[in-house]
Amino acid sequence: MEIRAMPLNQAEETQTRTIEGYAAVFDEEAIMYVSDYTGYTYKEVISRGAFDNTDFSHCVLNYNHGGMMMARTQSGTLRLTTDSRGLKVEADMANTSNGNDVYELINRGDLSKMSFAFTVAKESETIDRENKIYTRYIEKVDSVYDVSIVDNPAYEGTMVASRNQQANDWAHEKEQRKRLLLKLRTM
């Protein structure tokens, strides 16, 4: 008896776990702190165009700015761009225990906000003495060296979601619209 067998090249199934979001948003006031000593509220605003000519070449994606790197611009697993809303993040999460845990928390909706660490090239300020408000305007960012998925963001307008989560949300929204149209037609 002769048997002919050919080993199958069973490629490991790789599922890219991509997240998308905004680590910074333009023209949103964020309260950085309120001073008990001066009574002033200290705010910060990122101006449109602040990321024009910014160096993103050594940026990493972390969790809570804590050194749990899950993607990096140098390897191409972290991609940063700007649009009319702010600093857009797209990342392929590392297949590590940290990457998997954070991805799962994003997918469940437990983590939904972002932050960034940067150096400033140009800024300005306004002081409203009557209302005790100091506002710092970030006009030019020199470099961004960290974008992070965070528990508590400074800027509430930031967001992060998995592509699977976004696809499910869009599919659910599309199904709801379809049901509403059918309901309207039968009335």
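Okay, so the protein chain we're looking at has 2 helices and 10 strands. Keep in mind that this is a predicted model. Reading from the N terminus, the elements go β-β-β-β-β-β-β-α-β-β-β-α. The chain has 187 residues, and 38% of them are buried. On the surface side, about 12,100 Å² is exposed, with carbon and sulfur atoms supplying 48% of that area. And if you take contacts between residues at least 6 apart in sequence, 67% of them join residues at least 24 apart.

Before the details, a word on confidence. Mean pLDDT for the chain comes out at 86, and 79% of the residues reach 70 or more. Among the elements, β6 has the highest mean, 98, while helix α2, residues 163-186, has the lowest, 53. There's also a stretch at residues 5-14 where pLDDT is below 50, and beyond near neighbours in sequence that stretch has 0 contacts in the model. Residues 166-173 stay under 50 as well, and there the model has 3 contacts beyond four places in sequence. The usual caution applies: where pLDDT is low, the predicted coordinates should not be read in detail.

So, on to the sheet. There's an open one of 4 strands, in the order β6-β7-β1-β10, and the pairing is antiparallel. Why do β6 and β10 each have a side without a neighbour in the sheet? Because they stand at the edges, β10 being residues 159-162, and each has a single partner strand. On average, neighbouring strands here are turned by 15° against each other, ignoring direction.

Let's walk through the pairs. β6, residues 78-82, pairs with β7 over 5 bridges, antiparallel. Those two strands form a hairpin, with 3 residues between them. On the other pairing, β1 covers residues 18-25 and β7 covers residues 86-92, and they are joined in the antiparallel sense over 7 bridges.

Now look at Val89 in β7. Which residue of β1 is its bridge partner? That's Gly21. Leu80 also stands opposite Val89, and Leu80 sits within the 78-82 range of β6. Elsewhere along β7, Ala91 is the bridge partner of Ile19.

What lies across the sheet strands β1 and β10? Helix α1 does, running at about 100° to β10.

Next, the inside. The largest nonpolar core has 36 residues, and the ones touching the most other members are Phe51, Leu61, Val144, Val147 and Ile149. Several elements each supply at least two residues of this core: β1, β4 (60-63), β6, β7, α1 (97-108), β8 (113-128) and β9 (133-150).

Take Val144 as an example. Which residues is Val144 in contact with, leaving aside neighbours within four places in sequence? The list is Phe51, Thr54, Asp55, Phe56, Cys59, Leu87, Phe116, Ala117 and Phe118. Phe51 is another of those core members with the most contacts to other members.

One last residue, Thr41, over in strand β3, residues 41-46. Buried or exposed? Thr41 has a relative accessible area of 17%, and the cut-off for buried is under 20%, so Thr41 counts as buried. As for what surrounds Thr41, not counting residues up to four places away in sequence, the residues touched are Ile31, Tyr33, Val34, Lys132, Ile133 and Tyr134.

That's my tour; happy to take questions.

How values were computed: Residues are numbered from 1 along each chain as its sequence is written. This is a predicted model: local features need pLDDT of at least 70, side-chain atom pairs count only at pLDDT 80 or more; totals for chains, interfaces and linings use all residues. Side-chain values use heavy atoms; hydrogens and water are left out. Two strands pair if DSSP finds at least two bridges between them. Buried means under 20% relative accessible area, exposed over 50%, partly exposed in between (1.4 Å probe, protein chains only). Contact means heavy atoms within 4.5 Å. Accessible areas come from the Shrake-Rupley method with a 1.4 Å probe; for residues, only the protein chains shown count as cover. A nonpolar core is a set of buried Ala, Val, Leu, Ile, Met, Phe, Trp, Tyr and Cys residues joined through side-chain atoms within 4.5 Å. pLDDT is the predictor's confidence in each residue, from 0 to 100. Axes are lines fitted to C-alpha atoms, for helices over the stretch in contact, and angles run from 0 to 180 degrees between N-to-C directions.
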